[in-house]
Amino acid sequence: MASMGVSAQGGSWDAAYAKAEAALAKLSLADKIGIVTGVGWNKGPCVGNVHAASAIGFPSLCLQDGPLGVRYAKSVTAFTPGVQAASTWDVDLMRQRGQFMGEETKNLGIHVLLGPSAGPLGKFAEGGRNWEGFSPDPYLSGVGMHQTVEGLQSAGVQACAKHWILNEQERDRTTLTSNADDRTVHELYVWPFMDAVKANVASVMCSYNKINGTWACENDYVMKELLKDQLGFKNLVMTDWGAQHSTVQAANTGLDMSMPGSNFNGGEVYWGPQLTAAINRGEVPQARLNDMVKRILAPWYALGQDQGYPALDLNKNVQANHKTNVRAVARDGIVLLKNDGNALPLKKPSRIAVIGTGAFKGRHANNGPDCQDKACNDGALGMGWGSGTVDYTYFVAPFDAISARASSQGGTISQSNSDNASQGAAAAQGADVAIVHITATAGEQYLTVENNAGDRNNLDPWHNGNALVKAVADVNKNVIVVAHSVGPLILESILSNPSVKAIVWAGLPSQENGNALVDVLWGDVSPSGKLVYTIAKQTADYGTRVSTSGTDNFAEGLFIDYRHFDKAGIEPRYEFGFGLSYTKFAYAGLDVSAANVKSGPTTGAIVPGGPSDLWDTVATVTATVTNTGAVQGAEVAQLYITLPSSAPSTPVRQLRGFDKLPLAPGQSGTATFVLTRRDLSYWDVASKKWVMPAGTFGISVGASSRNLPLKGSLQVK
C-alpha cells in the first residue's frame with residue numbers, strides 16, 4: 001500500500017505505524033485486549049474510554065462528543081453545526097472551525113473528538129440528524145469532511161468520521177435494514193467518507209443499522225471491502241455506542257474498537273474477556289488483534305499524543321477567541337431567500353416589532369435542566385438536539401441584538417414573546433417593520449420532543465409558525481420572516497401573504513444567533529450563504545419518506561434532493577445552491593482547460609481515499625464573476641457536470657466545484673474549479689471500479705443548480 005504521507009503534526013503516518021508495530025512486542029495479551037475494549041458505559045471520565053497500557057505509556061484514551069464542539073465541558077465554544085458551516089460555502093471558515101474545535105479539544109486533554117458527520121447524508125428532508133452533517137450533496141459534504149478533519153487534526157486531535165454507513169433516519173435506527181445498490185452506495189454515501197479518509201482521518205464510527213441484513217459493525221462488505229480495501233483506510237473503526245452485536249464476527253470483519261465496552265445498562269460485553277477467550281480458542285487470529293491495536297496506536301503516535309499531551313480537565317476555559325468563527329459562520333451561512341422591493345437591509349426604521357418565541361432566549365439557550373441535550377424548542381434556536389450538542393456558555397438571542405441595534409439608532413421596539421397569533425398581530429400594529437421568527441428542530445432518536453422522535457413528523461414550522469406569520473401579515477405591510485431551522489420547511493403558506501417582503505433563512509447559528517442576524521438585517525454585510533439542500537413546494541416533491549417498515553430499500557437510488565427534482569422535472573420553491581445578495585453578480589468568460597484526459601477505469605494503487613489516479617487533476621475550469629451592484633458582496637460560483645450519454649443512468653447535473661469570491665462594487669474575480677478524475681467518473685458495478693466514460697461532458701457554471709448561465713463542454717476519448 002502506498003505511503004500515507006505526513007501528518008499535520010509533522011510526523012509521518014508510516015513512522016507512526018512503525019512505532020505501533022514496535023510497541024506490540026512490549027504488550028501482553030491483556031494489554032492488547034484492554035486497548036481495543038472500552039471500559040464500559042459510565043465507567044470513565046469521558047463518553048468513551050479504553051484501558052491504559054503502562055508498558056508503552058499509553059493512557060486511557062478519552063473519546064468525547066461531538067461534531068460541533070466538546071460535550072459535557074464547562075467553558076467551551078458552542079460552534080455552529082455542520083449544516084451552517086456548509087451553508088457558507090467557505091472552505092477557509094470550515095477549516096478554521098475544525099482547527100478551533102481541535103484546539104479546545106486538545107487543551108481539555110481529550111484525544112478523540114467524535115466528528116465530523118457525513119451520515120446521515122440527508123436523503124430525507126425530515127432526517128433528525130441531518131443538521132450535524134453538511135449537505136445531502138456528497139461533493140459539498142465531502143469538502144466539509146475534508147476541511148474539518150484537516151482542521152481538527154492540525155491541532156493534534158484525532159477526528160472520527162461518522163456514521164458509517166447508510167444511517168439515514170432515526171426511526172428504528174438500531175434495528176433498521178438499509179438495502180442500497182452498490183453504485184448508489186459509492187456515488188452518494190461513500191463519497192464524503194472518501195474525502196475524510198484522504199485527509200487521513202484517525203477513526204471511523206460504524207453505525208447502528210443493518211446493511212443488506214447484516215449489522216454495520218460486523219459487515220464484511222462495509223468494514224473490509226468498502227472501507228479498508230477500496231478506500232485504503234489504515235486507521236481504526238470503532239462502534240457507535242452499543243452498536244456491537246457479536247464477538248468473533250465483529251473482530252474478523254474489521255472492527256477495531258468496542259465502544260463504550262458494554263451496553264447502556266453496563267451488562268452485555270462482547271470484547272474484553274470474551275475476546276480473550278475467542279483468541280485462545282483460535283476463533284479470532286492473534287494477527288487480527290495485533291492489527292486492531294496497531295490501528296489504534298498509530299493515530300496516537302502520528303498526531304503527537306504520545307508526548308506532552310495535556311491532562312484531562314473538562315472544567316478548563318478553552319474558548320480563546322473562537323467565537324469569531326462562530327459569528328462568521330453563523331453570518332455567512334445566512335441565506336436570503338426573498339427580498340421584494342429591497343426591504344432589506346433595514347433603513348433605520350423608527351419602530352420595529354419583534355415577534356415569536358424564536359426571537360427570545362428560552363430554555364434551549366439557557367441549557368435548561370429539563371432540556372437534556374438541548375431537547376426543547378423553547379425560544380431561540382442554535383442547534384438541534386442529541387449527542388451532537390454542546391452547552392452554551394452564552395447565547396445572544398435575536399431580540400437582544402435587534403434591540404441593541406435599534407436603540408443605538410434611536411428606534412423603538414414592540415414585542416411579542418409568544419407564538420399566539422393575535423398577540424403577534426397586536427405587537428405588529430403600526431410598526432415600520434415586523435420581524436417574525438419561526439423555528440423547527442430535530443435530533444437524535446433517544447429523545448422525543450413534541451412527539452417528534454428524532455426525525456421531524458412534517459416540514460411545517462413548529463409552534464404555529466404559519467398562522468403567526470399570517471396574523472402579522474394581515475395587519476402590517478412590511479413583514480420580514482426569519483427562519484431558524486434544522487432543514488427545509490414548506491414555505492408556501494408564508495409566501496402566500498403579499499405583506500411578507502423578505503425571508504431570511506438563518507439556519508442554526510449557535511451562540512452568536514442574534515449578532516449574526518443583525519449583521520445581515522442592517523447590511524453590515526451582504527448575505528452570501530447558499531442553500532445546501534432543496535426547499536420544495538410540497539413534501540411529496542422530495543420523493544423520499546422516512547421508512548416505517550423496518551426496511552429501507554433506497555429505491556430512489558442516486559436521485560435524492562436536487563438530483564431527484566431535476567430528473568422528475570419538478571420545480572422547487574428554492575433550488576439547491578440558491579441565495580440572494582444585496583448586490584448583483586454577472587458571469588462571463590467560461591474556459592475549460594483539459595490535460596490529456598483518457599476514458600476508462602482507474603488503475604492506480606490504493607492510497608488513503610481510493611485509487612491514486614482518482615485524485616489526478618484532469619481539467620481546470622475558470623469563469624469571470626463581476627459585482628455589478630453598488631455594495632460589497634461575496635458570490636459562490638458553482639460548477640455542475642453532466643456525464644456523457646455513454647454513462648449509464650446518471651443525474652442531470654452534479655455539483656463538482658465551487659469558489660466563493662468577495663468582490664467590491666465593479667470588481668471582477670476569477671472563479672477556479674479543479675476537476676479530478678473522480679469528479680468525472682461513475683462507479684461501475686460489474687468491474688467494481690470508478691470509470692471515466694468517453695464522450696462529451698457538459699460543464700455548467702452559475703449562481704445555483706438552476707441558474708447556470710455559462711455552458712461549456714469537455715471531450716474525453
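How many cavities of 30 Å³ or more does the structure hold? In this predicted model, the structure holds 3 cavities of 30 Å³ or more, and the views below take up two of them before turning to a pair of helices.

**View 1. The largest cavity and its lining.** The volume of the largest cavity comes to about 170 Å³. Its lining is made up of 20 residues, and among these G122, F124, N130, P136 and Y533 are the ones that lie nearest the centre of the cavity. Sorted by class, the lining of the largest cavity consists of 11 nonpolar, 6 polar and 3 charged residues.

**View 2. The second largest cavity and the part helix α3 plays in its lining.** This second largest cavity encloses about 50 Å³ of space, and the residues that line it are V83, Q84, S87, V335, W505, G507, L508, K530, L531, V532 and Y533. Helix α3 (residues 82-88) supplies the largest share of this lining, namely 3 residues. The lining of the second largest cavity counts 7 nonpolar, 3 polar and 1 charged residues.

**View 3. The packing of helix α6 against helix α7.** Helix α6 (residues 182-198) packs with helix α7 (residues 220-230) at an angle of about 55 degrees, and their axes are 11 Å apart; because of this angle, α6 is oblique to α7. The crossing in which α6 passes α7 is right-handed. On the α6 side the contact is made by D182, V185, H186, V190 and V197, while on the α7 side Y221, L226, L227 and Q230 take part. Divided by class, the residues of this contact of α6 with α7 are 6 nonpolar, 2 polar and 1 charged.

How values were computed
Residues are numbered from 1 along each chain as its sequence is written. This is a predicted model: local features need pLDDT of at least 70, side-chain atom pairs count only at pLDDT 80 or more; totals for chains, interfaces and linings use all residues. Side-chain values use heavy atoms; hydrogens and water are left out. On a 1 Å grid over the protein atoms alone, a cavity is a set of points where a 1.4 Å probe fits but cannot get out, and a pocket is an open set with protein on both sides within 12 Å along at least five of seven lines; lining residues have an atom within 4 Å of a point. Grid points are joined across faces, edges and corners, and a volume is the space filled by probe spheres set on the points. Ala, Val, Leu, Ile, Met, Phe, Trp, Tyr, Cys and Pro count as nonpolar, Asp, Glu, Lys and Arg as charged, and the others, Gly among them, as polar. Helices (H or I, at least four residues) and strands (E, at least two) are DSSP runs, numbered from the N terminus. Axes are lines fitted to C-alpha atoms, for helices over the stretch in contact, and angles run from 0 to 180 degrees between N-to-C directions. Angles under 35 degrees count as roughly parallel, over 145 as roughly antiparallel, 65 to 115 as roughly perpendicular and the rest as oblique. A crossing is left-handed if the near helix is turned anticlockwise from the far one by less than a right angle, and right-handed if clockwise. Contact means heavy atoms within 4.5 Å.
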